[in-house]
Amino acid sequence: MNKKIITSAHGGGGTATKEIIDIVREYLGNPVLDQLGDSALLNLGSTEIAFTTDSYVIDPIVFPGGDIGKIAVCGTVNDIAMEGAKPLYMSLSLILEEGLEFELLERVIASVSSAARKADVLVVTGDTKVVEHGRAGGGLFINTAAVGRRYEGCNTSVSNAAPGDLVVVTGTIGDHGVTIINEREELDLESDLQSDVAPLNTLVDELLTSVPGIKSLRDPTRGGLAAALCDIAGASKAGIEIEEDKIKVKREVKAACDLLGFDPLNIANEGKAVIVCSEDSAQKVLEICSDNEFGRESVLIGRVVSEHPETVVLRTRMGGKRIVDMPRGENLPRIC
């Protein structure tokens with residue numbers, strides 16, 4: 001009898017990843033963990049904090065628009081920000097492989113420094129381990145953790161969406177995933193495409209301090225926009241309808257997806273947010289986003305509906321409809 005094993009699909013953030021999460025919840029489940037947010041929300045006396053951890057194993061380590069150091073900081077602070085909290089402090093643990101060049105290590109640490117300044121977060125603790133050659137494919141893995149203080153009275157859970165709410169995405173989708181695919185698979189796509197990796201906490205800060213109608217926040221990383229919307233629809237037990245012609249996809253991303261048979265909705269992003277807001281807040285959300293360097297191409301892509309609960313439906317350019325499923329796995333592993 002064949003034993004079931006872990007595959008790269010289990011790291012993709014879709015339904016395959018849920019198989020691992022189910023095992024963790026079976027043995028470690030508790031009211032905090034079972035919320036399954038980007039961060040754990042903890043009450044410490046009169047203060048509510050968000051606490052998160054993440055690991056970065058991206059291949060290649062350096063890519064157009066960033067490197068493993070930048071993505072480690074941005075991914076971590078974004079997980080805190082999506083829970084409606086201000087990132088404050090983070091840890092940085094390095095797993096280095098024998099043979100790694102000091103020049104590359106210094107470049108990565110300089111990127112960590114630059115990204116941390118941009119996000120206004122302090123790296124306050126860490127650890128270093130060196131493993132034998134071949135045990136950290138590519139030479140460098142990073143693990144992070146972070147804490148942040150939640151904005152008073154703020155709740156941005158993915159379970160808050162309700163019929164009538166509108167859905168905003170803060171720019172083009174698929175830039176990060178296609179950039180990594182192009183670099184790693186040496187597709188030689190002639191393009192200036194770069195990863196969108198960016199810290200979103202300053203944008204979230206402006207939104208949460210200016211717009212009372214923010215309902216849910218999610219960064220569409222592994223599993224892409226499809227996974228983020230399916231998470232929101234499922235947790236809120238509501239339907240979501242999105243318009244294909246409103247979703248921004250760069251020409252290079254669309255071309256690569258057409259060539260490789262990928263759906264741009266499933267491709268990872270590292271500098272975008274999905275914002276669900278009340279209808280009367282949408283215009284203010286778009287105005288704030290358009291004035292922020294990380295939200296200038298924000299667009300309204302759809303709405304939350306009472307029909308087809310827990311299901312995301314795409315209205316196509318041709319006038320048809322199709323269900324947007326939760327991806328099973330990632331098209332390629334190690335995109336973050």
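This is a short walk through one predicted model, from its helices to its loops and its cavity.

Let me start with helix 4. It covers residues 175–184. How many of its ten residues are buried? Nine are, so to speak of helix 4 is to speak of a mostly covered element. The buried set runs D175, H176, G177, V178, T179, I180, I181, N182 and R184. Note the mix of names there: D175 and R184 are both on the buried list. What does the covering? Strand 3, at 62–63, is part of the answer. Helix 2 and helix 7, the latter at 251–260, are included too. After helix 4 comes E186, with a positive phi near 50°.

Now helix 2, since it is among the covers of helix 4. Helix 2 spans residues 68–81, and I71 sits in it. Is I71 buried or exposed? I71 is buried, because its relative accessibility is 0%, and the cut-off for buried is under 20%. Leave out the neighbours within four places in sequence, and I71 still has a list of contacts. They are Y56, I58, H176, V197, E270, I335 and C336. H176 is one to mark, as it is also one of the buried residues of helix 4. There is a long-range pairing as well. I71 and P199 are 128 residues apart along the chain, and their C-alpha atoms are separated by 8.8 Å.

Next, a helix pair. Helix 5 is residues 201–210 and helix 8 is residues 282–290. They pack at an angle of about 150°. Their axes are 10 Å apart. The crossing of helix 5 past helix 8 is right-handed. Which residues meet? From helix 5, we have L203, E206, L207 and S210. From helix 8, we have V285, I288 and C289. By class, that contact is five nonpolar, one polar and one charged.

The spacing on the helix 5 side is worth a word. An α-helix has 3.6 residues a turn, so residues three or four places apart point the same way. Keep that in mind when you look at L203, E206, L207 and S210 on helix 5.

Stay with V285 for a moment. It lies in helix 8. V285 is buried, because its relative accessible area is 0%. Setting aside neighbours within four places in sequence, V285 is in contact with V168, L207, V211, I214, I275 and C277. L207 we have just met, on the helix 5 side of the pair. The C-alpha atoms of V285 and G213 are separated by 9.0 Å, with their positions 72 residues apart along the chain.

On to the loops. A238 is in the loop between helix 6, at 224–236, and strand 10, at 239–243. Is a loop residue like A238 buried or exposed? A238 counts as buried, because its relative accessibility is 5%. Its contacts, beyond the neighbours within four places in sequence, are A161, A233, V304, V305, H308, P309, E310 and T311. The C-alpha atoms of A238 and S306 are separated by 5.9 Å, and the two residues are 68 apart along the chain.

E310 is on that contact list, and it has a loop of its own. That loop runs between strand 12, at 299–305, and strand 13, at 312–315. E310 is not a glycine, yet its phi is positive, near 65°. It counts as partly exposed, because its relative accessibility is 45%.

D120 makes another backbone case. It is not a glycine either, and its phi is positive, about 55°. It lies in the loop between helix 3, at 102–119, and strand 6, at 122–131. Buried or exposed? D120 is exposed, because its relative accessible area is 54%.

One peptide bond to check. From D59 to P60 it is cis, with omega near 10°. P60 is in the loop between strand 2, at 47–56, and strand 3.

Last, the cavity. How many cavities of 30 Å³ or more are there? The count is one. The largest has a volume of about 30 Å³. Its lining is V178, N182, L189, S191, L193 and E252. By class, that lining is three nonpolar, two polar and one charged. Two of these names take us back to the start: V178 and N182 are among the buried residues of helix 4.

Key
Residues are numbered from 1 along each chain as its sequence is written. This is a predicted model: local features need pLDDT of at least 70, side-chain atom pairs count only at pLDDT 80 or more; totals for chains, interfaces and linings use all residues. Side-chain values use heavy atoms; hydrogens and water are left out. On a 1 Å grid over the protein atoms alone, a cavity is a set of points where a 1.4 Å probe fits but cannot get out, and a pocket is an open set with protein on both sides within 12 Å along at least five of seven lines; lining residues have an atom within 4 Å of a point. Grid points are joined across faces, edges and corners, and a volume is the space filled by probe spheres set on the points. Ala, Val, Leu, Ile, Met, Phe, Trp, Tyr, Cys and Pro count as nonpolar, Asp, Glu, Lys and Arg as charged, and the others, Gly among them, as polar. Axes are lines fitted to C-alpha atoms, for helices over the stretch in contact, and angles run from 0 to 180 degrees between N-to-C directions. Helices (H or I, at least four residues) and strands (E, at least two) are DSSP runs, numbered from the N terminus. A crossing is left-handed if the near helix is turned anticlockwise from the far one by less than a right angle, and right-handed if clockwise. Contact means heavy atoms within 4.5 Å. Buried means under 20% relative accessible area, exposed over 50%, partly exposed in between (1.4 Å probe, protein chains only).
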